[in-house]
Amino acid sequence: MLATLMKLLSACLWPSSGRSVDSSGKQDGLLWYKDSGQHLLGDFSMAVVQANNLLEDQSQVESGPLSTLDSGPYGTFIGIYDGHGGPETSRFVNDHLFQHLKRFAAEQGSMSMDVIRKAYEATEEGFLGVVTKQWPVKPLIAAVGSCCLVGVICGGMLYIANVGDSRAVLGRAMKATGEAIALQLSAEHNVSIESVRQEMHSLHPDDSHIVVLKHNVWRVKGLIQVSRSIGDMYLKKAEFNREPLYTKYRLREPIKRPILSGEPSITEHELQPQDQFLIFASDGLWEQLSNQEAVDIVQNHPRNGIARRLVKTAMQAAAKKREMRYSDLMKIERGVRRHFHDDITVVVIYLDTNVVSSAKGPSLSIRGRGMTFPKKL
């Protein structure tokens, strides 16, 4: 029965190819991975390792129609949603942002930066509705948020949108040597970056404490490192920064205007023949590896399992920093593991330039997963 159901699902996911594809991935303890798969424009690899008690990273790859219309546009969508304060916002984004993007793309009849911006706005507005509804019984929902990194490949163009500190990096081949150089495509919104602190001071000139150095870490109002996010309504709406919210989240002065922003930084790039691959990852990876280190790993190793290799390399670096063996780190349970490294999500997208086009092709929909555990009594 299960085998028959899987065949039916595969037929729905890949209607034009006739192939049976396992898009579910595999689980190994706290590690989930999809070593190899195909999107509309080439191969991809995906991996997630859980460190938090509840996985706060969410992710998805969608390939095929990018609108609700059969007429297209067609392409590949990548989303990395790094939650904080809990998993509620990142899960909400995972469920809604791509659907909003498809709706706005259908209305416009094409893909554009404006379509992506509207999708972010609708997602933020939707989560505000969730917070408003749950606030009376679950006030902590106002202190949950998520970074949101999106990539859209469509019609020979690459769109990158971001709020927060996840990162997209391009591996571009150098014509002279054939080696791949790392080009960061996403703008980050973390107040550890001086230009982001300056932006916050310029937006809030009347608040000398808009950014505070606390325990040797820069934080907005001493509370949060990112200056842009989905959610975190306690720093956007005055009605959610009061009792019954915990005192540690409440500001001394009423919020006169939003402190955090949900406005994404969006760029578009025309893909070039020398553009070989893209690495999308939450900051859990970039805390351990530089852009060039990650690109070198992808460039110098087989495609199959490359996302899992990046995750493993990051965990090895985390273990080394703590002067412990990688094998011992792997024995540490979720929750406690967060003291050693963050949740890490990686998606590697290969750009096989001979197939980069707006042509129709097989559809794909896959999400990164965390470990599921029985509830404790």
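**View 1. Helices H2 and H3 cross in this predicted model.** Helix H2 spans residues 88-108, and helix H3 spans residues 113-134. Their axes come within 8 Å and cross at roughly 135°. An angle of that kind falls outside the parallel, antiparallel and perpendicular classes, so H2 and H3 count as oblique to each other. The crossing of H2 and H3 is right-handed.

**View 2. Residues of H2 and H3 meet at the crossing.** From H2, the contact includes Glu88, Phe92, His96, His100, Phe104 and Gln108. Leu97, Leu101 and Arg103 of H2 also take part. From H3, the partners include Asp114, Lys118, Tyr120, Thr123, Phe127 and Val130. Gly126 of H3 is another member of the contact.

**View 3. Helix H7 covers residues 306-321.** H7 has 16 residues. From first C-alpha to last, H7 reaches 23 Å, close to the 22 Å expected at 1.5 Å a residue. Which residues of H7 are buried? They are Ile306, Ala307, Leu310, Val311, Ala314, Met315, Ala317, Ala318 and Ala319. In an α-helix, residues three or four places apart point the same way, because there are 3.6 residues a turn.

**View 4. Glu323 follows H7.** The phi of Glu323 is positive, near 55°.

**View 5. Confidence varies along the chain.** The mean pLDDT of the protein chain is 88. Of its residues, 89% reach 70 or more. Over residues 1-22, pLDDT stays under 50. The model gives this stretch 21 contacts beyond four places in sequence. Residues 373-377 also have pLDDT below 50. Beyond near neighbours in sequence, residues 373-377 have 3 contacts in the model.

Technical notes
Residues are numbered from 1 along each chain as its sequence is written. This is a predicted model: local features need pLDDT of at least 70, side-chain atom pairs count only at pLDDT 80 or more; totals for chains, interfaces and linings use all residues. Side-chain values use heavy atoms; hydrogens and water are left out. Helices (H or I, at least four residues) and strands (E, at least two) are DSSP runs, numbered from the N terminus. The expected span of a helix is 1.5 Å times one less than its number of residues. Buried means under 20% relative accessible area, exposed over 50%, partly exposed in between (1.4 Å probe, protein chains only). pLDDT is the predictor's confidence in each residue, from 0 to 100. Contact means heavy atoms within 4.5 Å. Axes are lines fitted to C-alpha atoms, for helices over the stretch in contact, and angles run from 0 to 180 degrees between N-to-C directions. Angles under 35 degrees count as roughly parallel, over 145 as roughly antiparallel, 65 to 115 as roughly perpendicular and the rest as oblique. A crossing is left-handed if the near helix is turned anticlockwise from the far one by less than a right angle, and right-handed if clockwise.
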